[in-house]
Amino acid sequence: MEFVVITMAKIAVMLGVLLTVVAYTVWLERKVCAWMQDRVGPNRVGPFGLLQPLADGLKMMLKEDVLPRHITDKALYTLGPLMAMVPALVTAGAIPWGSQLPLFGRQIQCVVANLNAAVLVVFATSSFAVYGIVLAGWASNSKYPFLGGVRSSAQMISYEVCLALSVVPVFMQIGSLSLCHMVEYQTHHTWMIFMPWQWPSFLIFIISAFAETNRTPFDLPEAEQELVAGYNTEYSSMKFSMFFLGEYAAMFVMSAMMVTLFFGGWSLPFAPFNRPATTLWIGLAHVAIFLAKILVFLFLYIWIRWTIPRVRYDQLMALGWKIFIPLTIVNIVFVGIVLALWGGR
Amino acid sequence: MADNTVNLTIDDKAVVAPKGMNLIEAAKLVGIEIPHYCYHPKLCIAGNCRMCLVDVGMPKLGADRKPEIGSDGKMVVMFGPKLVIGCNTTVADGMVVLTKSPKVVKAREGVMEFLLINHPLDCPICDQAGECRLQEFSVDYGKAESRFVEEKVHKPKKTALNAKITLDDERCILCSRCIRFMRDVAGQDCLGFIQRGSHSTLTCYLGNEPKTNYDLNIVDICPVGALTSNDFRFQQRVWFLKQTKSICPNCATGCNTVIWSREDVVYRQTPRDNNDVNQCWMCDYGRINYKFINDPHRLTTPSVKSATLGQRVNLTWPEAIRQVVDKLRAAKRDSLAVIGSARATTEELYLLKKFSPSFAAYIPRVGTGDNFLLNTDRNPNAAGAMLTGFSSDYSVIADGIADGKIKTLIVLGEDAIVPELLAKLELLIVLDILPGKTTEAAHYILPGVTFAEKSGTFINAKNRIQRLNPAIPPLVGTKPEHLILSALLAELGGKRYATIQEVFADMTRDVPALAGLNLSKIGDSGVEVKS
Amino acid sequence: MLVQRPKLTFWERLYLPQVLQGLWQTLSHIPRKKFTRQYPEEKPPLYGKYRGAPELVRDPDGRVKCVACQLCEFVCPPKAIRVVPGFRKEGASDASVEKEPSDFIINMNRCIFCGFCEEVCPEEAIFLLRDFSVSGYSREEMQFHKDKLLELGGVREDKIQKWKNK
Amino acid sequence: MTVPVELERHIDEIVTHYPPDKTRAATLWLCHLLQEYFGFLGDEQVLWISNKLGLQPINVWEVVTFYPMFTTKPHGKFHVKVCRTLSCELCGCKNIVAHLRKKLGVGLDENTTDGLFTISTVECLALCGTGPVMMINDETFENLTTEKVDAIIDRIRTTGRLDAQPLPMPLAAHPLEKRVLLSNITKPGYTGSLADYEREGGYTALRKALAMKPDEIVAEVKNSEIRGRGGAGFPCGLKWSFLAKGTGKPVYLVCNADESEPGTFKDRQLISYDPHLLIEGILISCHAVGAKVAYIYIRGEMPGGAKILQKAIEEARAKGYVGNGVEIYVHRGAGAYICGEETGLIESLEGKRAYPRIKPPFPAVVGLFGCPTVVNNVETLANIPHIINKGSTWFKTMGVSGSTGTRLVCVSGPVKRPGYYEFEMGKLTLRQLIFDVCGGLKDGRTLKGVIPGGSSMPVMKADQIDVPLDFESLRKAGTMAGSGGIIVLDDSVDIVGATLNVAQFYAHESCGQCTPCREGTLWMEKMLHRIERGEGRPLDVEMLYEVADNIDGKTICPLGEAAAWPVKAFVTKYREEFEKHGG
């Protein structure tokens, strides 16, 4: 019973934090893009436009939910955005966003579900998102969403392979699939990113993560110039915002994965931030550190979006199948050799 | 070569022209326009505008009385020392005419400049703008800037020539067309020039204004904006107006007209050339009588007189057709009569006649006529009504109603039977455009359209069949009568006509006088039919 | 015509230096001075030949210059102008000019501010003046009628006064 | 409005002068008579005339406003009309007008408060040799000075009436002259009456002609090679032979006595001093062309001449010359230069505005009242009795080939002895005429130019005057013999002013029918006014020339050329004078 209450509380807190971060990522994206273009960005709603996400959300909720006349399968049409958003939120449950919080006399683990195969769960669940997009593309009964859906499924299936294979070297070194163990390992040794043999893994992972989250330069499913807005062309109001949320939540999750896998999760390489928290304050500081690291990656996402143009679809697929997949396999062998020779230490 | 033609050359084009024709008309034969103001083909020649000056020469004859050939292998032509006016020079065999030589062009430029120096440059205000010969030729021969720095001659502006026409003397170029028209064609010598030289002023003597039925023709023939019609004054610029060839529906002469309309509104009617009917004139009575097209009281929806409600109930068209057809099916054929207006087209009358083999009449309409264009018969299509089997003796129908022989009556656009008689009818169906006593009594009103909204033909007093063309779409809620009648007939088991051509084709089969005709054969100027 | 593709060097083919260069470029813009103008509070400066909304002007004597020649109506590409011609009132000092619009309607929803009307006007009566933010809450409100256009246009002090020496 | 019985009877008589269905022709006469009686022609008069003649009022109104002699508003009891045309201007008419205005205290065309006087300027009064001149009502006053004007006005004021002015004595012949037409007038005691004329052998030619066949007369005239003396110089015999024959319509002969070309006053002398010579010429010509009716169209400004002619016709009628198969009627014009053009004259004679007709058809085919018509100048017709009497061979001995016979010339302007002279054509040069016959220029002035044939002819510069006076020589010299009115310009003359004066004349006299002349003449006048005021602009001279050129040859009648030629000649020959004015 106690477990259920605590878990529900964790889920609630995590969802709250996640959605807030996602909302402010949108704000950040608009702000950063404006700065990069010598503009000011949102500045009307609240100081520095900080209440803009609120206004946007309100607007989205109040907007008329248009159901285009040509939609024949209303159920699938409604399912699409849900399927796009929910998996992203679910995966967040497997990620440790702090060490532990001493609260009400208990040590509360800062993870919703401390799973042994957390990495696999994350990958498996996030793959569900493609169903949402495919459903949306299909159910919209309209050619642009359809093309967007087809592109999206092909792209995500392709890059999922690279994504998974690219982090195999990390598991090989740590010897566990639990994300908590990974953070633990990094607090004891050093961050993965400081181990040069893991660099190829990181590079392939981050690029694949961009592709997996449909972000520029790989945002082909919603390429505005060719496909109007891809799979979300026919959506409006809350349904549209679910896609939006899903995309940004996926960004958040991917950033969290990178932080956890390569950047030591909630830890910093010095005391008292290199071991599980003993006081509430340090526990909260861990959470803050974790979020700060994520923020850096979110900024990276945004930064790249407003810098690099979209690649061609054939280039995207070629990169995935012809370069990354062979590369990851070679990488596994390479890291295996390194670990065998030097034991990874 | 026939004896009554001559061969000449105009601007290197060989022309065969009838003897006695003038150069302006001869040049027209080969598509060359000689600009002119005072010349009008239907008026006597004044020769005063000097715009149609051309270079005329005759081949130089050698000692052997044959044309001499110059060193360049061409005939040597002896040109006169002066230019001559094209309007008063008749064609001659061998004549060589230049209409675009530098000398001619310079003369035209000179004349244009002279005409413009005292002409007010108020084209933005002037109603003639857009159809003004002065504007047109000043584009061809005028200068962009005026060399005239002196003060212009001032003359009376905005004077009422009569109730119909406004005269602006400053715009007048003194071509005298109007004077000649009023004197020679309209038969009232009432216009003239007073003063002289550059101060010459067109006027009429106070108390002796133009008061014929043809006054407005001088507005048409005025090449500039000196004479403008009060009816059309400041209504619309001519370049916005769509021109539709039509026929005047106001008397049996059937003057050929052009209807000028813009966006479903008719702004004016002007005559159209047809030497067999109206030359190029029309009477003011006919010209002005088009206002009913835009009458706010037009009938715009089918309706039924409801016995239960005691008032009119509006119907949709399908509903109206269905109800009328039901009622007609119930009516006895031999108690059904039709009254067709001789202002309806021949096609409509032909269709209407199909409803009643026994009683069909039209209402004669007589007014005072003149010996020129206005006919005493004010029906434009009495001949058509007669051909399609309508009799002018409508008293038979009145008597029939009175003694109860006729119980059902279809009336097409007429208002002649007294309401007391109409009240005796069991079923009265009226197709009309405006409310009247008959529509008031009608059980069913089916709103039709005016002459400007439909196709069809009229046959005039001289048995000439002429074509109407729709200038504007039918008023919202109305339908052309031939479509209404054909819809009723189709529901009653007859043929369904989709187009007026199909109606006409059937009509030529049933009416021997029209045999072999079709609408395109009738063309714009009509053909004569066997009477 | 065949265009020879440029031969790329290894680094160029790697694409990464360009990516980094680009990233630096965008990053370097973040601290730069911003060009945003806070519009409703800060009005943009309008320069000499600025073409705003078309409006009707009066001459220095306060007379309506337009004589309803309808050339603007004719020339207007989006057919935004509609002129209803009418008679000028008698007795004014300019009675020789007989015509003026009884109504003059510009549909500002349609107007594209092209300035053809100004160019074609023989009486110099219509000008594209400085109003650029023409807005309203209904389509009806965006139909500018004669009185409104004249009020917006005001009096134009220019030398062209054709009526004076007609 | 009531018309006295007496006057109405007179009017009824006048109406019979014209064919019964063409009584419109009497319009001008009726206008004259009503204006004489009522002082002006208002609505009532116009309606009365239109009723009388069965016309539309506009027909009469058109005529009334066309002719400057008719007025629609009452004038003063004495209408002072001062000639403002070139010859008189050269002699100082402007001073006279200014003096009159000062003396009477009114502007032009204003009535004095006592209702006695109105001053107007008018175009040429055909008294150019004795300028400045003025007319008060029907009386003419010549060689005016301010003192003379004072005396005239004062006398009218004191007596309240106008004295009839006697005809001046005819001028004696100069030794270089050869007088044929003017041979009678200086004979002692010759009054121009029928008795005097017959005493000098008058009407013998008529008797001779009546014995001849018409064709023989035409042949004789043709053989004489006499050219028309009106201005165009068309051979008279040829003109007669063009007459349409066998049309079944009557033939009319019209004598053109509408002498209005500025600088010309020769016909006036023939009419005033020897009217029977003209009448005999008309009667012979009528016989030759088969005309039963002849009209003498005399210009309105010569009321005295009209009276003389009427008296002479009555005398001839009493003797049976007139009325015995041939009728002669006098028709008064009303002050329109354009009536000198033959078709304009015909229109005017028909009672309409004097709008020249387009040709073809020519008057010889369709002329007066739609019938074949011959129009001849007074001087031409006056030659006919001499040709018949003495034969065409005799006639041809005078003058040179192509210009046979004698010619009356009139000299006006600042010469010592202006006036009318008769010479054999081509036997005298212009220089001889000016310096020998006329005694040279006044007051030691020098010659600047000469207009050799009435103001419409191109001017000649002082060094061009060694040219014989005949048709061909003058044509070769770039000008024309015209109507024989020679205007001399001395070195004090402002050429721009002179051109303006001429241009003003033609702008005033343009009938307004066809475009180039109607608009062009007034434009030239306005331009010249501007140049004279010193407001000329560069290229004005070219523009003036071009405007004149645009009129030249483009008009219905020769008035276009008449208006264009002098301007073109002045502009080309005295360009520097225009440039001095800023042109």
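**Exercise 1.** How much area do chain B and chain D bury between them, and what share of it is on carbon and sulfur atoms? Describe the two sides of the contact.

*Solution.* The structure is a predicted model.

Step 1. Begin with the area. Chain B and chain D bury about 3800 Å² between them, and 53% of this lies on carbon and sulfur atoms. On the chain B side, the residues that lose the most area to chain D are B:Phe114, B:Arg196 and B:Tyr205, which together make up 25% of what that side buries.

Step 2. Count the residues. The contact brings 45 residues of chain B against 48 residues of chain D. Among the three pairs of chains that touch, chains B and D have the most contacts.

Step 3. List the polar links. There are five salt bridges between chain B and chain D. One of them joins the side chains of B:Arg196 and D:Glu509, at 2.7 Å from N to O. Polar contact is found for 26 residue pairs across this interface, with both residues at pLDDT 80 or more.

Step 4. Assign the chain B side to elements. Helix H2 (102–117), strand S9 (191–194) and strand S10 (201–204) of chain B each give two or more residues to the side that touches chain D. H2(B) gives the most, with eight residues. By class, this side of chain B has 22 nonpolar, 13 polar and ten charged residues.

**Exercise 2.** Which residues of chain B lose the most area to chain C? Set them beside the charged links of that interface.

*Solution.* Step 1. Chain B and chain C bury about 1600 Å² between them, 57% of it on carbon and sulfur atoms. In chain B, the residues that lose the most area to chain C are B:Pro124, B:Ile125 and B:Phe234, together 37% of what that side buries.

Step 2. The contact takes 18 residues from chain B and 20 from chain C.

Step 3. Four salt bridges cross the interface of chain B and chain C. In one salt bridge, C:Arg82 meets B:Glu263, with the closest N and O atoms 2.8 Å apart. Six residue pairs are in polar contact, both residues at pLDDT 80 or more. The side of chain B that touches chain C consists of six nonpolar, three polar and nine charged residues.

**Exercise 3.** Where is chain A relative to chain B and chain D, and which residues of its helix H8 are buried?

*Solution.* Step 1. Chain A does not touch chain B, the nearest C-alpha atoms being 30 Å apart. No contact joins chain A and chain D either; their closest C-alpha atoms lie 62 Å apart.

Step 2. In helix H8 (residues 179–188) of chain A, seven of the ten residues are buried. These are A:Leu179, A:Cys180, A:Met182, A:Val183, A:Tyr185, A:Gln186 and A:Thr187.

Step 3. The buried residues of H8(A) pack against helices H4 (118–127), H7 (168–174) and H11 (237–262) of chain A. At the start of H8(A), a side-chain oxygen of A:Ser178 comes within 3.3 Å of the backbone nitrogen of A:Cys180.

**Exercise 4.** Are the two faces of strand S22 of chain B covered or open? Describe the hairpin the strand belongs to.

*Solution.* Step 1. In a regular strand, side chains alternate between the two faces of the sheet.

Step 2. In S22(B) (residues 456–459), B:Gly456 and B:Phe458 are on one side, B:Thr457 and B:Ile459 on the other. All four are buried, and both faces are covered.

Step 3. S22(B) runs antiparallel to strand S23 (residues 464–468) of chain B, joined by four bridges. B:Thr457 stands opposite B:Arg467 in S23(B). Four residues lie between the strands of this hairpin, and B:Asn463 takes a positive phi near 60°.

Technical notes:
Residues are numbered from 1 along each chain as its sequence is written. Chains are lettered from A and ligands numbered from 1 in the order in which they are written. This is a predicted model: local features need pLDDT of at least 70, side-chain atom pairs count only at pLDDT 80 or more; totals for chains, interfaces and linings use all residues. Side-chain values use heavy atoms; hydrogens and water are left out. Contact means heavy atoms within 4.5 Å. Buried area is the accessible area (1.4 Å probe) that two parts lose on being put together, summed over both. A polar contact is a pair of N or O atoms within 3.5 Å; within protein, one must be able to donate a hydrogen and the other to accept it, and residues adjacent in sequence count only if both atoms are side-chain atoms. Ala, Val, Leu, Ile, Met, Phe, Trp, Tyr, Cys and Pro count as nonpolar, Asp, Glu, Lys and Arg as charged, and the others, Gly among them, as polar. Buried means under 20% relative accessible area, exposed over 50%, partly exposed in between (1.4 Å probe, protein chains only). Two strands pair if DSSP finds at least two bridges between them.
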